[in-house]
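Let us take a friendly walk through this structure together. Keep the sequence and the 3D view at hand as you read.

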Amino acid sequence: MKVRMLTVLIMFLLAGFGQGCWDWFKPAASDGHMEQTPAPINLLMPKAVRIHPFTGTRTFEGTGGLKGLNVRIELLDGYGDSAKGFGNFRFELYRFLAYNNDCKGRKLATWDVPLMDSKANLTHWDNITRTYEFKLQWDKPIPVGRRLVVVAVFTSPFTQRLFAERVFVAGQ
């Protein structure tokens, strides 16, 4: 009887050990697909991006006029709360086209900001507003009163690609 129980116990242990070891030999996803985050942790991952109303043109030190954007981004998790995210942001600035289905005119500028590094991620994070802040400098002056469109694209290996756009008036 003891031998039979010991044999069954060893078989269960070997089966469990074998299944656990098999995971070591599974190939890693290298084909560009999104890494799957298990539930319920996936609810804490970014599900939406919003360009915060504090976004606008700014004067940066030593530039002599409106020469950049101060973009505030809020990532929202599955509960609709502010979240942090690791990935890359791409910002695009367009002229505003009135009376058009797509209000984006000619592209004026593009910025790419990587946030995969934890230090860079923390550098842009503002704990008071729970947003990311990006000071995007531009070499051309921005006329006060001009309507512009800013587009934000967030890409990450952990979430779907997220988009947001906002129309704002320079100098306000």
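In this predicted model, a good place to begin is a cluster of aromatic residues: ring pairs link Phe89, Phe91, Trp125, Tyr132, Phe134 and Phe154. Across the structure there are seven aromatic pairs. Take Phe89 and Phe154 as an example: their ring centres lie 4.9 Å apart and their planes meet at 45°, so this pair is tilted. Phe89 belongs to strand β5 (residues 88-96) and Phe154 to strand β9, so to speak two distant parts of the chain, 65 residues apart, that the pair links. Are these two residues, Phe89 and Phe154, buried or exposed? Both Phe89 and Phe154 are buried.

Now step back to the strands themselves. Four of them form an open sheet in the order β6-β5-β9-β10, and the pairing is antiparallel. At the edges stand β6 (104-114) and β10, each with a single partner strand, so one side of each has no neighbour in the sheet. On average, neighbouring strands of this sheet are turned by 20° against each other, direction ignored.

Let us look at one end of that order. Strand β9 (residues 147-155) and strand β10 (residues 162-169) run antiparallel and are joined by eight bridges. A hairpin of six residues leads from β9 to β10. You can trace the bridges by residue: Arg147 has Val169 as its bridge partner in β10, while Val150 is matched with Arg166 in β10.

Arg147 is worth a second look, for it also lies over the face of Phe96, at 4.7 Å from the ring centre. A similar kind of contact involves Lys104, whose charged end sits over the ring of Tyr94, 6.0 Å from its centre.

Finally, visit the loops. Between α1 (2-25) and β1 (48-51) there is a loop that holds Pro40, and a cis peptide bond, with omega about 0°, joins Ala39 and Pro40. In the loop between β5 and β6 you will find Tyr99. Tyr99 is not a glycine, yet its phi is positive, about 60°. With a relative accessible area of 86%, Tyr99 is exposed. Arg130, in the loop between β7 (125-126) and β8 (131-137), also has a positive phi of about 60° without being a glycine. The relative accessibility of Arg130 is 37%, so Arg130 counts as partly exposed.

Note on methods:
Residues numbered from 1 in each chain as written. Predicted model: local features only at pLDDT ≥ 70, side-chain atom pairs only at ≥ 80, totals over all residues. Heavy atoms only, no water. Pairing = 2+ DSSP bridges. Helix = DSSP H or I, 4+ residues; strand = E, 2+ residues; numbered from the N terminus. Phe/Tyr/Trp six-rings, centres within 6.5 Å; stacked < 30°, edge-to-face > 60°. Buried < 20%, exposed > 50% of the residue type's maximum accessible area, 1.4 Å probe, protein only. Lys NZ or Arg CZ within 6 Å of the ring centre and 35° of its normal. Axes fitted to C-alpha atoms, helices over the stretch in contact; angles between N-to-C directions.
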